[in-house]
Amino acid sequence: MIDEAEHRHQLLAQHIAVSVALQVVLMRVKQGWTQDDLAQKAGVSLKFIKALERGDPALDYRMERLAKMAKAFDVALLVRYVPFSLYYPPDFEKERGRHE
């Protein structure tokens, strides 16, 4: 059984993966690019793009790769650390327990 902190980190990893995937797909489609176009423009593998767009939380989200993606789209990459209290509501763990 995993503890509450580990559960929060797993949920956050899933959220990040899905959030990044949605942003990338939307920007790529807006540009009219294929996955292969994006891979070439960003200098990353097509395999990486496909996994990223699937929202694979096990993917290696290295800053170098994310920075290449940002450059290809000509956007800024913003990364910041925040306490879980700003990310999840205060009663998150209690509510989670009620729905399991």
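**E53 and the packing of helices 2 and 3**

Reader: Which word fits E53, buried or exposed?
Author: The relative accessibility of E53 is 15%. Buried means under 20% relative accessible area, exposed over 50% and partly exposed in between, with a 1.4 Å probe and protein chains only. Because of its 15%, E53 counts as buried.

Reader: Good to know! In which helix is E53 found?
Author: This is a predicted model, numbered from 1 along each chain as its sequence is written, where local features need pLDDT of at least 70, side-chain atom pairs count only at pLDDT 80 or more, and totals for chains, interfaces and linings use all residues. Side-chain values use heavy atoms, leaving out hydrogens and water. Helices are DSSP runs (H or I, at least four residues) numbered from the N terminus, and the one that holds E53 is helix 3.

Reader: Which residues is E53 in contact with, leaving aside neighbours within four places in sequence?
Author: Contact means heavy atoms within 4.5 Å. With those sequence neighbours set aside, the partners of E53 are A21, V24, V25, R28, Q35 and L38.

Reader: Happily, Q35 is there too. Which residues of helix 3 meet helix 2?
Author: Helix 2 covers residues 35-42 and helix 3 residues 46-54. From helix 2, Q35, D36, L38 and A39 take part. Facing them in helix 3 are L46, I49, K50 and E53.

Reader: At what angle do helix 2 and helix 3 pack?
Author: Axes are lines fitted to C-alpha atoms over the stretch in contact, and angles run from 0 to 180 degrees between N-to-C directions. The axes of helix 2 and helix 3 are 8 Å apart, and the angle is about 120 degrees.

Definitions and conventions
Helices (H or I, at least four residues) and strands (E, at least two) are DSSP runs, numbered from the N terminus.
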